[in-house]
Amino acid sequence: MNAVQPLRDPVAAEVATHAGAPGWRAELELGFERRDGRTVLVRNRHLGPLRVQKPLYPEGGAVCHAIVLHPPAGIVGGDSLQVTVRVGEGAQALLTTPGAGKWYRSAGAEASLDQRIAVAGGALCEWLPQETLVFDGALGEQCTEVELAPDARFIGSEMLCFGRTASGERFAQGRFVTRTRIRRGGQTLWLERGRVNGGSLLLDSPVGLAGHPVAGTLWLVGQGVDEALRDALRAILPPTGLGAVTLLPGVLVARWLGPACEPGREWFARLWAAARPALAGREAVTPRIWNT
């Protein structure tokens, strides 16, 4: 395995990219299995600057929590990252990140993040990374593929912030492309492609982001996803911004548009806590890293 690379300064990284230096390639492959009533991290292969901390068990051995780390602290032009997660039969794994992900401005090279999740029969994967900040001038593409067995369960979330709102930055230039597909038993339940160009009309259009810099999506798939759960989640209103909960064939989806990440995170956390008993058979135990 490669040694851990040091953190890099985003401005210096941009200069290096502009000078023709190649970006970093990083891979992380994780495998979880159920053994003797516990979920165990049985595969942890990494290449380059992607890691996972040691397995954590804040709610007992049945559920394994893992924190995915990207030591460089952000993605710059030319970087290529790939994360693969496999959750074996009957296992339960919760994955999150230690803080916000960042896509830095690029001098011209594109960056990519490829995320692939496979969940076997009777298993549950909770894919709950913290928010992603897309800096003005970023050039990135993020692809997420989720493949579920017919009786697998999945809880996933994504929150994108276009521009650093805390400093008043707008996403005035650059490009960010997303593609998300969720399949269960070979059938596509959710397929979405999006492209946000910096400074485009989509940012302010009522059919786009409607002037909100932050967009979030929460997905719930599996037994227990029904009209009763939909109605229960609809009763939980977001603290601010625009939020809605929709039941589609096979998947329950919550969408949010808002002025900053914090209220969106708060709303998603409340929805997750309300939905988790139905999908996981247990109450929500908030990862400690979310409170730091």
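**Exercise 1. Helix 3**

Which residues are buried in helix 3? Describe also where helix 3 bends and what follows the helix in this predicted model.

*Solution.* Step one is to list the buried positions, which in helix 3 are Cys261, Pro263, Gly264, Trp267, Phe268, Leu271, Trp272, Ala275, Arg276, Leu279 and Ala280. Step two is to consider the spacing of such a list: an α-helix has 3.6 residues a turn, so residues three or four places apart point the same way. Step three turns to the helix axis, where helix 3, spanning residues 261-280, bends by about 35° at Ala274, with the proline Pro277 following within four residues. Step four looks just past the end of helix 3, where Gly281 takes a positive phi of about 75°.

**Exercise 2. A salt bridge made by helix 3**

Find the salt-bridge partner of Arg265, and state how exposed each member of the pair is.

*Solution.* Step one identifies the partner as Glu131, with the closest N and O atoms 2.8 Å apart. Step two places the two residues in the chain: Arg265 belongs to helix 3, whereas Glu131 sits in the loop between strand 9 (124-127) and strand 10 (132-134), so that the bridge links distant parts of the chain, 134 residues apart. Step three compares their accessibility with the cut-off, under 20% being buried: Glu131, at 10% relative accessibility, therefore counts as buried, while Arg265, at 32%, counts as partly exposed.

**Exercise 3. A salt bridge between two loops**

Explain why the salt bridge of Asp204 and Arg170 ties together separate parts of the sequence.

*Solution.* Step one confirms the contact, since the side chains of Asp204 and Arg170 meet at 3.4 Å, N to O. Step two locates the partners: Asp204 lies in the loop between strand 14 (187-197) and strand 15 (214-221), and Arg170 in the loop between strand 12 (153-162) and strand 13 (175-184), so the pair joins parts that are 34 residues apart in sequence. Step three adds the accessibility, as Asp204 is partly exposed at 46%, and Arg170 is likewise partly exposed at 47%.

**Exercise 4. The wider set of salt bridges**

How many salt bridges does a search of the whole structure find, and which residues do shared partners join into one network?

*Solution.* Step one gives the total, which is 18 salt bridges. Step two follows the shared partners, which join Arg25, Glu27, Glu29, Arg43, Arg45 and Arg86 into one network. Step three examines the bridge between Glu33 and Arg35, whose closest N and O atoms are 3.1 Å apart; Glu33 is partly exposed, with a relative accessible area of 33%, and Arg35 is also partly exposed, at 44%.

Methods: Residues numbered from 1 in each chain as written. Predicted model: local features only at pLDDT ≥ 70, side-chain atom pairs only at ≥ 80, totals over all residues. Heavy atoms only, no water. Bend = angle between axes of the 7 residues up to and from the residue. Buried < 20%, exposed > 50% of the residue type's maximum accessible area, 1.4 Å probe, protein only. Salt bridge = Lys/Arg side-chain N within 4 Å of Asp/Glu carboxyl O.
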